[in-house]
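I set out to record what can be read from this structure, entry by entry. The order is the chain as a whole, then its sheets, then two acidic side chains.

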Amino acid sequence: MSTTQSERLRVLLEPLVTTRGLDLEEVTVTPAGRRRVLRVVVDSDEGVQLDTCAELSRAASEALDETDVMGGAPYVLEVTSPGTDRPLTEPRHYRRAVGRLVKAQLTEEAGGGELVARILGADDDGVEVEVPGVKGRKPTTRRIAFTEIARARVEIEFNRKAAEKAGKARQAAASDDESQEEA
């Protein structure tokens, strides 16, 4: 997709997306046989509902029909939310992943290597993560600036409820330890 077409699509679609309280994450056009697929990826802090995607798809289709930005060749419009394998590239992506387990590749300046940790919080400069303890040690909290992260993705947790229960049990045990120390 040419930069010009990409820019024109963004200019056309961005107002339709933002008026619905969504962020325009990605616009791509890819060949698919004799047609092309125009994929519009949107997201928000509250997530994206199917009805919202359908409504946006209708509005985008009407707007595209009124312009020549896609040219005369046939295309399929696909409005979707980001998949679970989407890279975390913006501070808002990290804010939306609070509570989730992430795998991050750190920059050489940050010591390099891979880090798997749970996001506790995020702001415009970085993230606060909980790094699991190793060999019976307690988890540790760590602050990582976005400039120290080369790339990151959310890790899929098939047994997330068990992980949440374990985390709550750790918090309760820590609270009990503190209560006993005060007594």
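**Entry 1: the chain as a whole**

I began with the surface: the chain exposes about 11,700 Å², and carbon and sulfur atoms supply 47% of that area. I note here that the model is a predicted one. Of the 183 residues in the chain, 31% are buried.

I then looked up the secondary structure, which comes to four helices and eight strands. Along the sequence I read the pattern α-β-β-α-β-α-β-β-β-β-β-α. For contacts between residues at least 6 apart in sequence, I find that 51% join residues at least 24 apart.

**Entry 2: the sheet of three strands**

I turned next to an open sheet of three strands, with the order β1-β2-β3 and mixed pairing. Its edge strands are β1 and β3 (75-80), each of which pairs on one side only. I record an average twist of 15 degrees from one strand to the next.

Strands β1 and β2 (residues 35-43) run antiparallel and are joined by nine bridges. Within this sheet I looked up valine 27, which stands opposite valine 40 in β2. I also checked what lies across these strands: helix α2 (residues 50-65) lies across β2 and β3, and runs at about 145 degrees to β3.

**Entry 3: glutamate 25**

Is glutamate 25 buried or exposed? I find a relative accessible area of 17%; this is under the 20% cut-off, so the residue counts as buried. Glutamate 25 is found in strand β1 (residues 23-32).

I then asked which side chain glutamate 25 joins in a polar contact of 2.8 Å. The partner is the side chain of histidine 93. Leaving aside residues up to four places away in sequence, glutamate 25 touches Arg10, Val41, Val42, Asp43, Arg86, Arg92, His93 and Arg96.

**Entry 4: the sheet of five strands**

The other sheet I examined is open and has five strands in the order β7-β6-β5-β4-β8, with antiparallel pairing. Strands β7 (140-145) and β8 (149-154) form its edges, each pairing on one side only. The twist here averages 40 degrees from one strand to the next.

I followed the pairings of β4 on both sides. Strand β4 (residues 101-106) and strand β5 (residues 114-122) run antiparallel, joined by five bridges. Leucine 101 has arginine 118 as its bridge partner in β5, and lysine 103 stands opposite valine 116 in β5. Strands β4 and β8 also pair in the antiparallel sense, over five bridges. In that pairing, leucine 106 stands opposite isoleucine 149 in β8.

**Entry 5: glutamate 157**

Where does glutamate 157 lie? I place it in the loop between β8 and α4 (160-182). Its relative accessible area is 18%; this is again under the 20% cut-off, so glutamate 157 counts as buried.

I looked for a side-chain partner and found arginine 118, joined to glutamate 157 by a polar contact of 2.8 Å. Arginine 118 had already appeared in my notes as the bridge partner of leucine 101. I therefore close this entry with arginine 118 recorded in two roles: in β5 it is a bridge partner, and its side chain is in polar contact with that of glutamate 157.

Conventions
Residues are numbered from 1 along each chain as its sequence is written. This is a predicted model: local features need pLDDT of at least 70, side-chain atom pairs count only at pLDDT 80 or more; totals for chains, interfaces and linings use all residues. Side-chain values use heavy atoms; hydrogens and water are left out. Buried means under 20% relative accessible area, exposed over 50%, partly exposed in between (1.4 Å probe, protein chains only). A polar contact is a pair of N or O atoms within 3.5 Å; within protein, one must be able to donate a hydrogen and the other to accept it, and residues adjacent in sequence count only if both atoms are side-chain atoms. Contact means heavy atoms within 4.5 Å. Two strands pair if DSSP finds at least two bridges between them. Axes are lines fitted to C-alpha atoms, for helices over the stretch in contact, and angles run from 0 to 180 degrees between N-to-C directions. Accessible areas come from the Shrake-Rupley method with a 1.4 Å probe; for residues, only the protein chains shown count as cover.
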